[in-house]
Amino acid sequence: MNPHTREIIARLLLSVDAVTLSPHKPFTWASGILSPIYCDNRRTLSYPAARSYVKMALAQTALELYPDAEVIAGVATGAISWGVLVADELGLPFVYVRPKPKDHGLENLIEGYLPENSKVVVIEDLISTGGSSLKAVDALRDAGAKVEGLIAVYTHGFQEAVDRFADANCALDTLSDYDAVIEAASKDGLINPETKSILIDWRKDPHHWSAPK
């Protein structure tokens, strides 16, 4: 990703409070990981200028990397909106992938019309460990799609996620990442050197990190 875009996206996420940094009162993820950062990119949708910039950056990245894409797929629920925006911008069909099949009606896992052998680009809002995103990739492949790659708004940059995507033979690209957010927060005076050091330490070993006393 272009370093300039990476920095702009990081500042946009901070400016609309899509990213919250709280090393002394960490958040607990569903996985049980204690985290000094919480990222909710859905907040960005409420700010037209920020939303438009992210949409165009995602669409441009998809166009540059995957010019032969035939379908855009969003990962439910966080990336449905981003996927729709990108598909509309590129004039492509859109589908979205549920975390599990609907428990009534047709019990669909993939919503929308997905022709077999379609070249699909997956849009995601956030990558942490990569597990839920790759479940969507697997679902699309099981349905007969050819997944070209996945593009996310933001990633924490865990090596675990990088390894998972490599093992799944799925290309991963992101608009911005944890390093860019921490650097932007530091440059803009939102965090002091001590807090920056704590945040850097967390990313080294998030599974065993504990909040400073």
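**Aromatic pairs, a pocket and Ser128**

Hi everyone. A search of the whole structure turns up five aromatic pairs. Please keep in mind that this is a predicted model. A pair of aromatic rings is described by the distance of the centres and the angle of the planes, so I'll give you both values each time.

Let's take Phe27 and Tyr38. Their rings are tilted, with 5.5 Å centre to centre and 45 degrees between the planes. Which parts of the chain does this pair link? Phe27 is in strand E2, residues 27-28, and Tyr38 is in strand E4, residues 37-39, so the partners are eleven residues apart. Are these two buried or exposed? Phe27 has 25% relative accessibility and counts as partly exposed. Tyr38, at 36%, is partly exposed too.

Now for another pair, Tyr178 with Trp202. This one is also tilted, at 5.3 Å centre to centre and 50 degrees between the planes. Here the pair links two helices: Tyr178 belongs to helix H6 (residues 178-187) and Trp202 to helix H7 (residues 193-204), 24 residues apart. Tyr178 counts as buried because its relative accessibility is 1%, under the 20% cut-off. Trp202 is buried as well, at 0%. Which residues do ring pairs link into a cluster? Tyr178 and Trp202 are in it, together with Trp29 and Phe158.

Hold on to Trp29 and Phe158, please, as they come back with my next residue, Ser128. In UniProt, an unreviewed entry lists Ser128 under "binding site". Where is Ser128 placed? You'll find Ser128 in the loop between strand E8 (119-127) and helix H4 (131-142). Leaving aside neighbours within four places in sequence, Ser128 is in contact with Trp29, His156, Phe158 and Ala161. Why does Ser128 count as partly exposed? Its relative accessible area is 22%, and partly exposed covers the range between 20% and 50%.

That takes us to the largest pocket, which holds about 720 Å³ of space. Its lining has 29 residues, and those nearest the centre are Glu124, Asp125, Leu126, Ser128 and Ser132. So there is our Ser128 again. E4, E8 and H4 each supply at least two residues of the lining, and H4 gives the largest share, with five. How does the lining of the largest pocket divide? Twelve residues are nonpolar, eleven polar and six charged.

If you open the model later, try starting at Ser128, in the loop between E8 and H4, and look for Trp29 and Phe158 among its contacts. Thanks for listening!

Terms used
Residues numbered from 1 in each chain as written. Predicted model: local features only at pLDDT ≥ 70, side-chain atom pairs only at ≥ 80, totals over all residues. Heavy atoms only, no water. UniProt positions renumbered as here; feature names shortened; annotations may be inferred. Helix = DSSP H or I, 4+ residues; strand = E, 2+ residues; numbered from the N terminus. Buried < 20%, exposed > 50% of the residue type's maximum accessible area, 1.4 Å probe, protein only. Contact = heavy atoms within 4.5 Å. Phe/Tyr/Trp six-rings, centres within 6.5 Å; stacked < 30°, edge-to-face > 60°. 1 Å grid on protein atoms, 1.4 Å probe; cavity = no way out; pocket = protein on both sides within 12 Å on 5 of 7 lines; lining within 4 Å. Points joined across faces, edges and corners; volume = space filled by probe spheres on them. Nonpolar A, V, L, I, M, F, W, Y, C, P; charged D, E, K, R; others polar.
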